[in-house]
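Welcome! Have the sequence and the 3D view ready, try each exercise yourself, and then compare your steps with the worked solution.

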Amino acid sequence: MITERYDPAAVEAKWQAEWERRGTNRWSESDLRNAKDPYYNLMMFPYPSAEGLHIGNLYAYTGADVNGRFWRLKGKDVFEPMGFDAFGIHSENYALRVGKNPNDLIPANIANFTRVLKRFGGMYDWNHTVNSTSVDYYRWTQWIFLKLYNGGLVERRRAPVNWCPSCKTVLANEQVIQGLCERCDNPVEQRELPQWFFKITDYAARLLDNLETIDWSANTKKAQANWIGRSEGAEVDFAVSRGESAIRVFTTRPDTLFGATYMVLAPEHPLVDELTTPEQRDAIEAYRREVTKQDLVERQKVDKDKTGVFTGSTCINPVNGTEIPVWIADYVLMGYGTGAIMAVPGHDHRDFEFAARFDLPVIRVIAEPGCNADTPLTEAFDGDGLLVNSGEFDGLSVADGKGAIVKSLEARGLGAHRVNYRLHDWCVSRQRYWGPPIPIIHCETCGPVPVPEADLPVVHPHLDDFRPDDSGVSPLARAKDFYETTCPSCGSAAHRDTDVTDNFLCSGWYFLRYPSTDRDDVALDGELTRKWLPVDCYIGGNEHAVLHLMYARFLTMALSDLGVLEFEEPFTRFRAHGLLIRDGRKMSKSRGNVINPDEIIERYGADTMRLYLMFLGPYDQVADYQTRGIQGPLSFLNRLWQAVADAQAGAPDPDVERAVHRTIKQVGEQLPGLQFNTAIAAMMECLNAVRAGGRKARTTELEPLVIMLAPFAPHIAEELYARLGHNGGLFDTAAWPAHDEAKLAESTVEVVVQVNGKVRGRVPVPTDADDDAHVGAARGNENVARHLASATVRKTIVVPGRLVNFVVS
Ligand SMILES: [Zn+2]
Ligand SMILES: [Zn+2]
């Protein structure tokens, strides 16, 4: 029962039931096929934790929902699905902590999330939802693994990987944050294990170049470009002094080759054994053991102390034939470039520090203005200048020197121009329980054999004891029925791969699935995929820039190359929202300052919460939630409610009408750019104009305001729209209001202009014009100007809106 006073709980319950009954937000399969002007509005699907949704999720989701509702009112067919990213270490670790099986926890968590997502008024199509742990989703995750496998984009190889001793699994580089496990914050170590890799590095150039073609937040694109880390330079071979081998290095500074005074190999470099002399063997072995205790990210830190050991061998600098010593050091990694660097201490800060620490020679090969070949270096100089101490290349600029030296190496077969990337292949195997099994069978005769597509899904086995152990073997190996199988190729006894795939594979393609969830016979319906994808607008956190967003782009590109998709970029537009903090501080459980959205909705209603979250500040910047601040939006909704209750029929007041049309123009221009806070402020001002001096509003003045508010506060907007006399529902029937340019102009009145009391003209002036504007308009009249031309004005009298009189002599 809706009372005369604004009662958010009653209004919201009524309209949520009404939307449900009318199917306002639901799409049938044929609706999806027949949509005329499709707009795919996507937000990042949540991980359904036991704690429930937090207000930060709802901050993100409200902005995305406002965008979807706005485009719907603008006439687009907006598809706004929601789902659950429920596999992964986070769920599994929680299940271990509470001593339950994640299988038994996830359904209740999803039910709780769904309840809140409905309660807060998201325009979600619950007909098209995904749950990454349900077999009718993950069978297609396995199908994608096989597509990539059969397409030559999956490789199993032994590699040094990040191992979290606490989670007992490997981690992708992207999941190691400053040497700590992203999930559990424990230090990560290095291990060498056979792992499955997706060859994302094959796509490095495209992942980088395509950034030019997509409309994404600049900071997200920048983070991706940095992560891909393109560098241009040369690959150069240094022959070892004794033996046949050569050490290949990649350098971005071939112009400094004459300054290379030593060589550094990664401790894992395959030539280390061969190069290590008997006298140095113990020191080298001890150092290599030390290094395995560090993780790959930690090793690259710029500011750490330099350590290293001499191998006892030397190699030949190809540009001048000099013998230089070969060292190993932890700051050189196998995964980047070639696992070896030529050290140029004169012109590289890290090399300079290393040379100083171990007393290695420093040679200047670049001279900045005011220096010459003999000017000593007290620190590395990495600026521009002319080549010196570089033989025939002396006097060239850095840029010309690079080209000339590479050309000379190429001519002698000792080097070549080369582009290098920092991006690593994506390690997708995890030695854990809670993920989709990798659809591979290992046969002693045939080796790894992909599970035939017809045999999918490989059902995730239920295990009572699913604790990971330190063996590096996944708990799935304990499920005998699962583990033991026959080879699909030769029929002999074989065993299943026991690793599960990285959770980022589940989330790397979910947006492709939403439109096709009515089909259980294919992963993606061709027609629906063509119609709805790529995604028109994706909104989410920038913390996913190099994880989820990079993987999703890679998978889309790969599936496009494999003929599954007809586009290669998944998200035409991506916008990163800002971080929600509280009273100037980050929200966290340990601080005890986390806001539970249920409590806010209970107390103020979902509409007020939504409006307040969007009013906090620019959506793409840090937003500070302050408990008192919610009163403003609440009272705005109350005043609007009252204005509708008091509204009268009749012609609008021209001044009020102008304010309304200006607001329509502004809000309509700002919402496509997600400028929510300023749009809300404009609507608040507009209501002030409508109610100025306590006047009763006309229904025609209020109606556009109600429609513009609907994306932010959909429930109250529906109710007020009905109260303004409309049947059929705002989101089902209303259209976004259009402003009338003619009504934007201020209205004018005609003012009489006198000179010495005689009428000399009549001029239009704006109703709210000040005295100066009156005088200016009066002087602009031709006849008046003629009468004033040869006179001296002694006094000017202005009666606003009526008269200007010039007293002259
Ligand atoms: Zn961990
Ligand atoms: Zn076989």
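**Exercise 1.** Which protein donors hold the zinc ion (ligand 2), and how far from it do they lie?

*Solution.* Keep in mind that this is a predicted model. Start at the ion and look for the sulfur atoms around it. The SG atoms of C443, C446, C487 and C490 are the protein donors of the zinc ion (ligand 2), at 2.2 to 2.3 Å. Next, read their positions along the chain: the spacing is C-x2-C-x40-C-x2-C. Then turn to the geometry. The 4 donor atoms make angles of 105 to 112 degrees, and the site is tetrahedral. For comparison, the ideal angle for four tetrahedral donors is 109.5 degrees. Finally, check how covered two of the cysteines are. C443 has 6% relative accessibility and therefore counts as buried, while C446, at 32%, is partly exposed.

**Exercise 2.** Describe the site of the zinc ion (ligand 1) and explain why its arrangement is called tetrahedral.

*Solution.* First, list the donors: C164, C167, C181 and C184 each offer an SG atom, lying 2.2 to 2.3 Å from the zinc ion (ligand 1). Second, look at the angles. The 4 donor atoms subtend 103 to 115 degrees, so the arrangement is tetrahedral. Third, follow the sequence, where the donors show the spacing C-x2-C-x13-C-x2-C. Fourth, place two of them: C164 sits in strand β3 (residues 154–164) and C184 in the loop between β6 (180–181) and β7 (189–198), so this pair ties together parts 20 residues apart in sequence. Last, compare their surroundings. C164 is buried because its relative accessibility is 0%, whereas C184 is partly exposed because its relative accessible area is 23%.

**Exercise 3.** How many disulfides does the count come to?

*Solution.* Take pairs of cysteine sulfur atoms and keep those within 2.5 Å. By this rule the count is 0 disulfides.

**Exercise 4.** At roughly what angle do the axes of helix α18 and helix α19 cross, and which residues make the contact?

*Solution.* Begin with the two axes. Those of α18 (residues 597–604) and α19 (residues 606–615) come within 7 Å of each other and cross at roughly 115 degrees. Now pick out the residues involved: P597, I600, I601 and Y604 come from α18, and A606, T608 and M609 from α19. Sort them by type, and you find 6 nonpolar, 1 polar and no charged residues. To finish, see how covered α19 is: 9 of its 10 residues are buried, including R610, L611 and Y612.

**Exercise 5.** Where in the chain do the cis peptide bonds before P457 and P534 fall?

*Solution.* Take one proline at a time. The bond from L456 to P457 is cis, with omega near 0 degrees, and P457 belongs to the loop between β21 (447–450) and α13 (480–483). The bond from L533 to P534 is also cis, with omega near 0 degrees, and P534 is in the loop between α16 (526–532) and β25 (537–541).

**Exercise 6.** Is D359 buried or exposed?

*Solution.* Locate D359 in the loop between α11 (349–358) and β15 (366–367). Its phi is near 60 degrees, a positive value in a residue other than glycine. Now apply the cut-off: exposed means over 50% relative accessible area. D359 has 69% relative accessibility, so D359 counts as exposed.

How values were computed:
Residues numbered from 1 in each chain as written. Chains lettered and ligands numbered in written order. Predicted model: local features only at pLDDT ≥ 70, side-chain atom pairs only at ≥ 80, totals over all residues. Heavy atoms only, no water. Axes fitted to C-alpha atoms, helices over the stretch in contact; angles between N-to-C directions. Helix = DSSP H or I, 4+ residues; strand = E, 2+ residues; numbered from the N terminus. Contact = heavy atoms within 4.5 Å. Nonpolar A, V, L, I, M, F, W, Y, C, P; charged D, E, K, R; others polar. Donors = N, O, S within 2.8 Å, 3.2 Å for Na, K, Ca; no water. Tetrahedral: all angles 85-135°; square planar, octahedral: opposite > 155°, others 65-115°. Buried < 20%, exposed > 50% of the residue type's maximum accessible area, 1.4 Å probe, protein only.
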